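Please open the model in a viewer and keep a selection panel at hand. The stops below indicate what to select next and what is to be found there.

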Amino acid sequence: MPWRISHGAVLYRDLFYIGGGPFSQYFNALLFKIFGASILTLVTANLFFVAATLGLVYQRFLAAANAFVATTICLGIVLVFTFNEYTLTGNYNYITPYSHEALHGLLLSIVAIAFLADWLTKKRLWYAGAAGFCAGLVFLTKPDIFFALAICTAAGFVLGAMQQKPIAHAIKSLAVFIAAFLLPLLFFFFLFLRSENPQDSLQAVVFGWTPIFQKGVVNSPFYQWCLGLDQPGVRIGQIVMQSIAVVLIVAMYAFVLKRKETLESKCSPLVLNLILIAPLILGAACFDWRSCGAALPLLGICACLFAWRNHQQQSELAAFPLLWSIFGLILLLKMGLFPRIWHYGFALGMPAFVSAVYLLLWLLPNWLEEKFTLPRCQFCKIISIPLFIGFASLFYQSELTYADKTTVIGRGANGIFAFGPPSQIGPDISTTLAWTKKNIPANATVAVLPEGAMLNFLTGRPNPTPCQSWEPVIMSALGPAKMTTAFEQSPPDYIYLVERDDSEFGVGPFGSPGFGADVMQWVRTNYRTVQLIGDEPFTSGKFGIEILERQSTPARQ
C-alpha cells in the first residue's frame, strides 16, 4: 500500500482497503519517500518507535512503582510481544505487524494516555491538546483501539472534573482536546481533497470505520473464532479456571507468608523456602504460557480497582497506571471470550498484560502489606518467579519458530526469512521471483489472486486494479460485484494464482461459488497459462503458483 501511495495512488479510490484508516499507510508512504521503499525501512522505523515507547513506559511505571516493576514490565513487552512468533504467520509482532494501523494505534494511544495523565496532575491546557492530537491520529488507525482510548479519555476527563473545582478548567481543556483531535482529520480531508470531491474525501477520512457496520464481516467463522463464539463454553471455562487458579495461588502464598515466622519455628528457613518455591517453579514450567491470556479479564478488573484506590491516595503518581489499566481492560473486549497474548493479542492483549504485572508486583503486594502486614518484598519475589519463567517460556517458543525459517526470499533490504523444506511455500515463491525477473518485462503489471500483494512489491510489478486482495472479509465488505467490475476495467498484463487456504472463513477454494467464481471465469476466458510453479492452485490444497498472461483475443467458451 505505501509503495503504491508513494507513486501517486490514492487510498480507497485506487487501492481497495478495509484494514483501517489512512494514517499508517500515508505515514509509511512518507517514510518510503524519504528513506526508500523497502521492508527494512519499515522495520527500522518500528524498532525506533517501539524503543521510544518502551522508554516512556519505563519512565511512567518507574515513577508509579519502582525500578524492578518498571524493568519487569518492559522485559515482558520485549520478550512476549515485540518480536514474538507463536504462529506460522510471522506478522503478529511489533516489528513486522500484520497491520501497521494496529501498531501505530497502540503506540499513539500510549502517548495520548501519558499526556492525559500529565494533564490530570499538572493541569496545563497544552497537555490536553497534545492528548487530543494523538487521539485524532488513533482515530485514523483502527476503530477498536480508538474505542478503548475514547473510554479511557472519558474516564480521564471525569477524573479531571472531579478534581478541579470549579470545573471550568476541565471544560476548557475538553474544548482544547476536541480542537486538537480534529486537526489530523482535517489534514487528511484536505489531502484527499486534492484528488477527490468533498464527499469522497470525507468518506476516505472515516473509511476505516465502515467494516464494523458490515454484518458479513462480523458474522464470518473467522471472527466467530476470534471472539471465542465458536465454542463459548470452552472459552468461558478457560477464563473461569485460570481466574480461580490465580486467586488460589495468591491467597495461598499470602496465607503462608502471613504465618511464615510461625512456620520457620517448626522447620528451617531453607526447607520452608524450598517447600514454597518448588511447586511454583514446577507448575510454571509445565504451564502452557501461550494460553495465559484467559486470566487477563480478572486481572484487568482488579488492576483498575486497585489503581483507582491508589489514585485516591496519591493521585499525582497513579494517574498514568489507572488510565492505562482502563485502556487495557476495554481493549480486551475486542477478543470477546477469547482473551490472549498471541495472534491479535500481540496488540489487544499487551496493555492488560502490563496491568496484570503491575497489579501482581506492586498494587497487590502494597495492599496486602497495608491490610494484613504481609512482607511486601517477599510476596513480590515469589510472584515474580512464575512471571519470569513465563517470559522465558514464551521467548523460547518464539525462538523455536524462528529456527525453522531457513529460506531467504528477496534480497538486501527486502530479504525475508521464511520456512524451508518440507514447506514448499518459501522455495516456490523464490522460484517465482526469479522467473518473473527473467521472463516478465519490468514495466508489466501483475495481479495476484486471491492474495499476495507482497509479490507485486518484491518483483516491482504493480497491480493496476484497485483489488489488492480477494480475502472473503474484504469481498464481503466491498461487494464481489464491485470488485469484479473494477478488476475487469483495469486488466493486468499477468495474473498470478496463488494457493491459499481460506477455510477459516467458511468458504471453499478461490473460484468456487460464492468466493471469486465470477472473476475466475473472466480470468480463464481472457488469460492463458504460461508457467506453473509447484502444484496447481485451488485443486489439491498443496501450494503452487500458476502464472497467466493476457491474451489479445479472449478465448472462446
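The tour passes from a helix pair to enclosed spaces, then to a pocket, and ends at individual backbone features.

The model is predicted: local features need pLDDT of at least 70, side-chain atom pairs count only at pLDDT 80 or more, and totals for chains, interfaces and linings use all residues. Residues are numbered from 1 along each chain as its sequence is written, and side-chain values use heavy atoms, with hydrogens and water left out.

**Stop 1: the pair H5 and H7**

Two packed helices are described by the angle between their axes and the distance between the axes. Select residues 100-122, helix H5, together with residues 143-163, helix H7. Helices here are DSSP runs (H or I, at least four residues), strands are likewise DSSP runs (E, at least two), and both are numbered from the N terminus. The axes of H5 and H7 lie 10 Å apart and enclose an angle of about 0 degrees; axes are lines fitted to C-alpha atoms, for helices over the stretch in contact, and angles run from 0 to 180 degrees between N-to-C directions. H5 and H7 are therefore roughly parallel (angles under 35 degrees; over 145 is roughly antiparallel, 65 to 115 roughly perpendicular, and the rest oblique).

Next, display the side chains at the contact (heavy atoms within 4.5 Å). On H5, the participants include Gly 105, Ser 109, Ala 112, Leu 116 and Trp 119. On H7, they include Leu 149, Cys 152, Gly 156, Phe 157 and Gly 160. The residues of this contact divide into 12 nonpolar, 6 polar and 1 charged, where Ala, Val, Leu, Ile, Met, Phe, Trp, Tyr, Cys and Pro count as nonpolar, Asp, Glu, Lys and Arg as charged, and the others, Gly among them, as polar.

**Stop 2: the cavities**

Rolling a probe the size of a water molecule over the atoms shows where empty space is left. On a 1 Å grid over the protein atoms alone, a cavity is a set of points where a 1.4 Å probe fits but cannot get out, whereas a pocket is an open set with protein on both sides within 12 Å along at least five of seven lines; lining residues have an atom within 4 Å of a point. Grid points are joined across faces, edges and corners, and a volume is the space filled by probe spheres set on the points.

How many cavities of 30 Å³ or more are there? The count is 2.

- Select Tyr 98, Ala 102, Lys 142, Asp 144, Ile 145, Lys 334, Tyr 344, Ala 347 and Leu 348, which line the largest cavity. Its volume is about 60 Å³, and the lining comprises 6 nonpolar, no polar and 3 charged residues. H7 and helix H17 (345-348) each supply at least two of them.
- Select Val 50, Thr 53, Leu 54, Ile 77, Tyr 94, Leu 107, Ile 110 and Met 350 for the second largest cavity, with a volume of about 50 Å³. Helix H3 (39-64) gives the most to this lining, with 3 residues. By class, the lining has 7 nonpolar, 1 polar and no charged residues.

**Stop 3: the second largest pocket**

Centre the view on Val 246, Ile 249, Phe 287, Trp 289 and Pro 386, which lie nearest the centre of the second largest pocket among its 23 lining residues. The volume of this pocket is about 570 Å³. Which helix provides the largest share of the lining? H12 does, with 5 residues. The elements giving two or more residues include H12 (232-258), H14 (269-286) and H19 (376-403). The lining divides into 21 nonpolar, 2 polar and no charged residues.

**Stop 4: backbone features**

Lys 123, in the loop between H5 and helix H6 (125-139), is not a glycine, yet has a positive phi of about 60 degrees. Thr 373, in the loop between H18 and H19, has a positive phi near 50 degrees. Lys 123 is partly exposed at 37% relative accessible area, whereas Thr 373 is exposed at 60% (buried is under 20%, exposed over 50%, partly exposed in between; 1.4 Å probe, protein chains only).

Finally, select two cis peptide bonds. One runs from Pro 421 to Pro 422, with omega near 15 degrees; Pro 422 lies in the loop between strand S2 (416-419) and helix H20 (425-439). Another joins Leu 449 and Pro 450, with omega about -5 degrees; Pro 450 lies in the loop between strand S3 (446-449) and helix H21 (453-459).
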